[in-house]
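Thanks, everyone. I'll keep this short. Please have a look at the model on the screen.

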Amino acid sequence: MANQEPIRPSHALFDLFVTAESCRDVQKHFSALCEQLQVDPKDFRVFYSKLKERLNYWKAKDLWVKIDKRASDKDYQQRKACAENKCLVLGAGPCGLRAAVELALLGAQVLVVEKRASFSRNNVLHLWPYTVCDLRGLGAKKLYGRFCTGTLDHISIRQLQLILLKVALVLGVEVLTAVEFQGLEEPSGDKGWTAKLHPNPHPTLAFEFDVFISAGGGSFIPDGFKHKELRATLAIGITANFTNRHTVAEAHVEEIAGVAGIYNQKFFHDLLTQTGIDLENIVYYKDETHYFVMTAKKKSLLKKGVIKQDYSDAEQLLARENVDHDALWRYAYEAANFSTNRQLPELEFATNPAGRRDVAMFDFTCMHRAEHASLVRERRGKKLLMGLVGDSLVEPFWPQGTGIARGFLAAFDTAWMVRSWGLGVPYLQVLAERESIYQLLSQTNAGNTKNDCTSYSIRPSTRYPHVNLSAIKVHQVRLPPPPPEQNSAGGVEDLLRWCQKNTAGYAGVEVKDFTLSWTSGLALCALIHHFRPQLIDMSSLNESDAVHNHQLAMDLLERELSISPVVAASAMASSGLIDKLSMVLYLTQVHDKFKHFSLTSSFLCFPQPAAPPVAPEGNLGSVVKGDIETNAAPALGSSSEDCYSCGQRLYLLARVNAMGKFFHRDCFTCHKCGHQLRLGGYTFHQTTGGWATIDPSHIAGFRVFVFVASERSQLIHREQFWTSVGIVGSNAFLMAQGRETNAAQLLYFPHYPLLLFFLCRFGLVQACAGGDGPTDEENSTYSDEDVPSLSDEDHPQLSVLTPHPGRVGE
Ligand SMILES: NC(=O)C1=CN([C@@H]2O[C@H](COP(=O)(O)OP(=O)(O)OC[C@H]3O[C@@H](n4cnc5c(N)ncnc54)[C@H](OP(=O)(O)O)[C@@H]3O)[C@@H](O)[C@H]2O)C=CC1
């Protein structure tokens, strides 16, 4: 003992930093270490090399070896690719931190802001093999000894955050916790883009940046981005965390990687008969906690008193006041106990950040996905590149464990985008490339990414086998008109002021709002007259003939400016029927058409979702489209004017879009039973040209097939009903819906010729390869996550559309 060298303070501090178990401690020990070694993280360009040089400690060296190996990737250009860029990352969740690490490796100055003061989420994330490989490559094992030591690969969210926080700090990333991002501040004077932060950590010297990455989770959507809702039938998730005391008895209990009703009917049947708990699936991971996540059936939740009252609306159903929390934790407790054969001794709930039992019930019926992953804003000659990562980009469907895997892929893709930006690639090309890669994300699974995960890097071709970086062309990136200033409220006020200014002085016109002021139709006519006086003779108009005035104005706007009316003239003329939002939407388009030639240097850029409108080069006007207009625009080649079914005039707000055709909501009905169809729940009959419902209760014929398939494959529960069948490459897939819960399931059939044989044998296939597959939008169920090729026009598709009228069992 006597001849043992005293531990150096810096080594002790490094040990404390590495073993720190809370965000606060990590930051505290890191600051102390920096102080001890006299290295300043603000000196981000040389910080890491100085730290390495001054901390001559074998444990640290192990970490440097890992990080150096990663940093040696040629795409980082020795950490100089983005040396001139400054990046603000919103959110220190796993995806925000993972992105921050990559940006730092590219040499950028990176600031992360996180509104939470601590990392406290016990929930456990499934890790795909590549994420394990990636994290090991960053030194995860050096920073958390228990990393992936269990039988299954997973990690608690908080532990993953801690690992990534440590790596980020070592690379010179500044991380501010308990600081909320409240919006972007536009450049003024010499000052560039900054953020409104609360509390403001730099009151005197704001951080100016040219890259903004939003990783704020599913509920945070920055201005300028739009999200698409993917809605399925009701699916109720329950998560529960129990204390893990790491005893021998606990160690012996087997984890459950994921068991679904269709795979193990006996288990779920026994669970139901013995406990009254009815689940569709359950997962159990033994991590820092014993973590359970399950999908519960509504009926059993009602029966067990967890949900007090039945509502069809999921939000109302799961509203706090409609949930009995004691009954909920008993439900989760019993399910956990049963699924582990009551082998976990002394099951005791872990606590959540609020100090309560860590059990939660949530609705994952509806998930969101951003329409675009990137965007550029410019004000006063200063450009800002914006990107989304993590849940903010695509919310995962938890039973598939895609969250972190796709989250990290998006972080790499975003880093690749920032690299191009930093290297001076023209920004339209940067955006086009980013969106080309984004198209792949929802299709990605552990089986279709490249096998050799050790060679994964930010370069997309190292990860995606068939990536086409120019799938979206530069000319598809569009330039909408000046965005509403800062926030929508400001935009609406500006619009009102613009209307007031341009209708001032017209008799009988006083614009004060977006509703009553427009009832007579004179204001709309005045607006047109102001810009195109030759189109309207104002003196011929009669204030009391509101329908005529509106019809005239709407017809002119449609004929002269291609602006489709949003509602009928009669509705516009009725004071009680003008809807403010519709009016804002309509007037925004009028504003855009009259204003866009006076476009300033301000614009947003992002690609068009549909096929390119092939605008003449240099003619901004024909490319520029307002956000709302573009979203509402029909698919190419179809007319928005008349209903496909009844042929009558169709207004924007009253229509539904199915496979590129437009209908009145009331006209979109099943050709066999006359029921109104819902999006995502219909099929198009190729031979008859009719539309039909795929509501399982309408489909008698499918039941036969299900029975046959279950005998062959053991995969399928008898009471599931196929709702769609398709072929992707050499695989067939089936979408099935549970009879009771209607939760979507997706099953793959690797030998589709056999499947087809059975389908044909039983007369269930009437349309074959080459049929119009449903589009992304129409497939707005979870299949969107899993069967992305449905929307990929490059693949041949099979539509199987054979609903027979009549109810099952009839
Ligand atoms: N319960 C669960 O099991 C959950 C799992 N996940 C999983 O975690 C993984 C990573 O998710 P990731 O995309 O990183 O998102 P996360 O939700 O993990 O992280 C986002 C972070 O940003 C914070 N944030 C949001 N708005 C602001 C703001 N205005 N200013 C500052 N901070 C803000 C959030 O705080 P706050 O959360 O308080 O809004 C949160 O801490 C995914 O796999 C996801 O599926 C994510 C969420 C929940």
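Let's start with helix H14. How many of its 20 residues are buried? The count is 20 of 20, so H14 is mostly covered by the definition used here. Keep in mind that this is a predicted model.

Now the length. H14 runs over residues 403-422. At 1.5 Å a residue, those 20 residues should span 28 Å. The end C-alpha atoms are 28 Å apart, which agrees. Just after H14 comes glycine 424, with a positive phi of about 85°.

Next, the inside. In soluble globular proteins, nonpolar side chains tend to be buried together. Here the largest nonpolar core has 139 residues. Ala100, Leu103, Val112, Ala168 and Val418 have the most contacts inside it. Which element gives the most to this core? That is H14, with 12 residues. A further core, of 31 residues, lies apart from that one. Its members include Leu524, Cys525, Ala546 and Leu557.

Let me pick out one residue, leucine 103. Leaving aside residues up to four places away in sequence, leucine 103 touches Cys82, Cys87, Ala108, Val110, Ala415 and Val418.

Last, the ligand. What surrounds it? There are 27 residues around the ligand. The closest are Gly91, Gly93, Gly217, Gly390 and Gly403. Four elements each give two or more residues to this shell: helix H5 (94-105), strand E2 (109-114), strand E6 (180-185) and, again, H14. By type, the shell divides into 11 nonpolar, 11 polar and five charged residues.

So much for the tour. To recap H14: 20 of its 20 residues are buried, 12 of its residues belong to the largest nonpolar core, and H14 gives two or more residues to the shell around the ligand.

How values were computed. Residues numbered from 1 in each chain as written. Predicted model: local features only at pLDDT ≥ 70, side-chain atom pairs only at ≥ 80, totals over all residues. Expected span 1.5 Å × (residues − 1). Buried ≥ 20, exposed ≤ 12 C-beta atoms within 10 Å, placed from the backbone. Core = buried A, V, L, I, M, F, W, Y, C linked by C-beta atoms within 7 Å. Contact = placed C-beta atoms within 7 Å. Near = placed C-beta within 6 Å. Nonpolar A, V, L, I, M, F, W, Y, C, P; charged D, E, K, R; others polar.
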